[in-house]
Amino acid sequence: MHRWSESFIPTLREAPADAEVASHKFLVRAGYIRQLAAGIYSFLFLGNRSFNKIMAIVREEMDKIGQEFYLPALHPRELWEASGRWSVMGENMFRLKDRKGADFCLGFTAEEAMTEIARKELRSYKQLPQIWYQIQSKFRDEPRPRSGLLRVRQFMMKDAYSFDLDAAGLDMSYKKHHAAYCRIFDRCGLKYVVVEADSGAMGGSQSHEFMVRTPAGEDQVVSCDGCVYAANLEKATSKLEAVPDLAPEGDGKPLEVHTPGQKTIEDVARFLGVSPKNKIKTLAYMAEEKDAKTGKTLTRAIVVLMRGDHQLNDAKFAATNGGRATRPMQEEEIKQLFHSPAGFLGPIGIEWAKDVKDAAKPLLLVDQALEGRHNLIAGANKEDYHLKNLTPGKDFQPTVHADLRSVTAAEACPNCGKPLRIDTAVEVGHIFKLGYKYSESMGARVLDKNGKEVTVIMGCYGIGIERILTAAIEQSNDENGFWLPPQIAPFEIVVCPTNVKDDTLLKTAIDIATRLEAAGFDVLLDDRDERPGVKFKDADLVGIPFRVTVGKKVTEGTVEVVQRSTRQVQDASIGAIAEHFKALRPAH
């Protein structure tokens with residue numbers, strides 16, 4: 001039996017000065033964690049118990065679809081160079097040298113390590129499919145660790161990898177993980193939403209995130225209350241209301257108008273008496289990438305046209321641009337391409353690339369919201385002048401039409417047309433269809449039924465263990481502390497005798513705790529010689545979902561059961577206390 005008096009539970013009355021979000025404040029105050037260095041935390045007694053329970057749920061569900069491995073956290077440089085990510089990851093990666101001068105890194109994901117095993121061990125289609133997973137520490141050199149366990153430099157992750165013969169097999173593996181993740185997060189008591197997501201640096205064709213809405217989140221989730229549509233802001237789309245086009249002026253050809261000192265979208269729209277929706281926003285960038293043959297850094301101009309009231313979505317831009325690194329054009333580069341100062345830029349008078357492979361000319365990426373529009377207004381590439389009567393496809397030819405804008409709240413859902421909502425959220429899980437990104441570069445191949453060598457197709461699936469705990473706290477807290485779902489709480493029940501010097505109360509409390517433990521419950525006996533108010537405050541703080549108060553009602557054969565989440569108080573028979581809690585225990 002665990003006794004509070006013998007346990008290390010260093011509760012605090014005040015939150016640390018640097019704690020901004022609820023989970024950080026309460027994890028420290030409840031004695032779950034202590035900081036060792038920026039973004040590096042120790043899990044103490046209560047925190048480690050919750051941590052282990054979460055991992056047990058994850059392991060139990062993953063064992064239904066895959067096999068557990070345990071891989072090194074220390075990776076040789078050659079492994080990451082084989083996939084091309086040694087240089088791509090930049091300063092996010094912890095790097096070190098051994099005593100012989102060889103380069104190593106601390107892994108923050110294990111695509112390379114798992115693919116290396118597959119490359120060496122998988123020989124035939126008969127060995128497929130394979131799903132391998134591990135639960136292990138990962139490392140990321142966060143530039144600004146913050147928000148407690150939400151943005152850290154060392155973290156625990158369940159990462160899984162699937163290896164299949166073809167796309168149909170990958171679909172099956174992906175669906176298995178989607179279902180397993182739903183079971184995991186359901187069992188952990190999270191209120192979550194599954195959203196379409198951008199694959200980012202991981203690569204791949206399809207991706208979903210499992211998100212928990214909370215003000216502490218760093219992601220933006222777009223969703224519809226009228227249907228099942230949900231997507232990360234980086235991927236979200238919407239239906240736009242039709243915008244009336246301006247009537248053509250003069251002969252309908254591009255018409256130069258004097259706009260002295262009017263540089264911003266809003267200033268020009270106001271000056272000309274039109275809506276920003278009838279304006280074109282011109283954004284100028286330079287893409288930089290290394291030539292594979294010469295090693296030289298090559299630059300290329302990329303110009304983006306948006307509707308005047310829309311904002312460019314960086315992730316969509318990166319995806320359209322093939323993931324190239326970009327930066328805003330400098331003043332001299334702007335003048336070289338547009339022959340104009342910033343503030344009066346537009347698409348006319350420049351020979352744009354006809355397709356993205358035409359590396360000799362600048363790219364013109366035009367957002368889909370401008371498709372089919374007529375008589376728009378843009379810069380004239382001449383100081384203090386703009387052009388009217390511009391029609392995409394007639395007066396200038398885009399290299400690519402693409403969805404490049406960020407959705408805003410209250411725009412129409414692409415599925416049902418009802419208003420969309422945007423919430424901040426914490427990502428607790430992410431699944432990717434990697435495709436051939438790693439298997440191709442690292443040479444993971446097998447022989448198919450015809451004896452032909454084929455590259456295996458991969459998926460990648462991650463869960464942040466700490467993030468499950470923090471998300472649970474973020475969604476269930478008040479000014480006095482937090483409550484966890486019984487499945488992941490360090491203890492399900494805390495038994496509090498109001499006066500341990502009263503032999504009857506103490507013996508009854510011990511008897512209740514013993515019988516609850518025998519019935520399979522995790523119980524903490526608060527046998528401290530403290531005032532009831534102190535015990536109740538601590539019980540409210542540390543996340544235990546139920547408190548049994550053993551007080552004066554024992555003479556009537558009853559105790560009080562307090563449900564932390566609702567503050568509901570019920571009298572329960574001492575003789576039937578185990579049955580009382582069995583009736584409350586959720587099934588899974």
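How are α1 and α11 oriented to each other, roughly perpendicular or roughly parallel? The legends below start with that pair and then move around this predicted model.

**Figure 1. Helix α1 meets helix α11.** The two helices pack at an angle of about 105 degrees, and their axes are 8 Å apart. Angles from 65 to 115 degrees count as roughly perpendicular, so that is the label for α1 and α11. On the α1 side, look for Ala 22, Ser 23, Phe 26 and Leu 27; on the α11 side, they meet Leu 469, Thr 470, Ile 473 and Glu 474. Sorted by class, this contact has five nonpolar, two polar and one charged residues.

**Figure 2. The surroundings of helix α1.** Helix α1 runs over residues 22-29, and seven of its eight residues are buried, so the rest of the structure largely encloses it. The buried ones are Ala 22, Ser 23, His 24, Phe 26, Leu 27, Val 28 and Arg 29. What do they pack against? Their partners are the strands β2 (33-37), β3 (40-43), β26 (477-478) and β27 (481-483), along with the helices α11 (465-475) and α13 (532-541). Just past the end of α1 you come to Gly 31, which takes a positive phi of about 75 degrees.

**Figure 3. Helices α12 and α14 cross.** Here α12 (residues 503-518) packs with α14 (residues 577-584) at an angle of about 50 degrees, with 9 Å between the axes. The pair is therefore oblique, and the crossing is right-handed. Ile 512, Arg 515 and Leu 516 make the contact from α12, while α14 brings in Ile 577, Ala 578 and Phe 581. By class that comes to five nonpolar residues, one charged residue and no polar ones.

**Figure 4. Ala 519, in the loop after α12.** Follow the chain out of α12 towards β29 (523-525), and Ala 519 sits in the loop between them. Leave aside its neighbours within four places in sequence, and what does Ala 519 contact? The answer is Ala 578, Lys 582 and Arg 585. Ala 578 also turns up in the α12 and α14 contact of the previous figure. As for Ile 577, its C-alpha atom is 9.9 Å from that of Ala 519, although the two residues are 58 residues apart along the chain.

**Figure 5. Ser 173 in helix α6.** Ser 173 belongs to α6, which covers residues 167-187. Is this serine buried or exposed? Its relative accessible area is 4%, and anything under 20% counts as buried, so Ser 173 is buried. Apart from neighbours within four places in sequence, Ser 173 is in contact with Ile 131, Ser 162, Asp 164 and Tyr 461.

**Figure 6. A cis peptide bond at Pro 129.** Most peptide bonds are trans. The bond that joins Leu 128 and Pro 129, however, is cis, with omega at about 0 degrees. To find Pro 129, go to the loop between α5 (111-121) and β8 (130-139).

**Figure 7. Positive phi at His 339 and Asn 389.** Most residues other than glycine have a negative phi. His 339 has a positive one, near 55 degrees, and Asn 389 does too, at about 65 degrees. Where do these two residues sit? His 339 is in the loop between α9 (331-338) and β18 (363-367), whereas Asn 389 is part of strand β20 (residues 385-390). Their surroundings can be read from the relative accessible area: 65% for His 339, which is exposed, and 2% for Asn 389, which is buried.

**Figure 8. Stepping back to the whole chain.** The protein chain has 14 helices and 33 strands. Along its principal axes, the C-alpha trace spans about 100 × 65 × 45 Å. Of the 588 residues, 52% are buried. Among contacts with a separation of 6 or more, 70% come from residues 24 or more positions apart. The domain assignment gives domain 1 (45-72 + 108-237 + 422-473), domain 2 (255-404) and domain 3 (491-584). The centres of domain 2 and domain 3, taken over C-alpha atoms, are separated by 67 Å.

Note on methods:
Residues are numbered from 1 along each chain as its sequence is written. This is a predicted model: local features need pLDDT of at least 70, side-chain atom pairs count only at pLDDT 80 or more; totals for chains, interfaces and linings use all residues. Side-chain values use heavy atoms; hydrogens and water are left out. Axes are lines fitted to C-alpha atoms, for helices over the stretch in contact, and angles run from 0 to 180 degrees between N-to-C directions. Helices (H or I, at least four residues) and strands (E, at least two) are DSSP runs, numbered from the N terminus. Angles under 35 degrees count as roughly parallel, over 145 as roughly antiparallel, 65 to 115 as roughly perpendicular and the rest as oblique. A crossing is left-handed if the near helix is turned anticlockwise from the far one by less than a right angle, and right-handed if clockwise. Contact means heavy atoms within 4.5 Å. Ala, Val, Leu, Ile, Met, Phe, Trp, Tyr, Cys and Pro count as nonpolar, Asp, Glu, Lys and Arg as charged, and the others, Gly among them, as polar. Buried means under 20% relative accessible area, exposed over 50%, partly exposed in between (1.4 Å probe, protein chains only). Domain bounds come from an automatic or database domain assignment.
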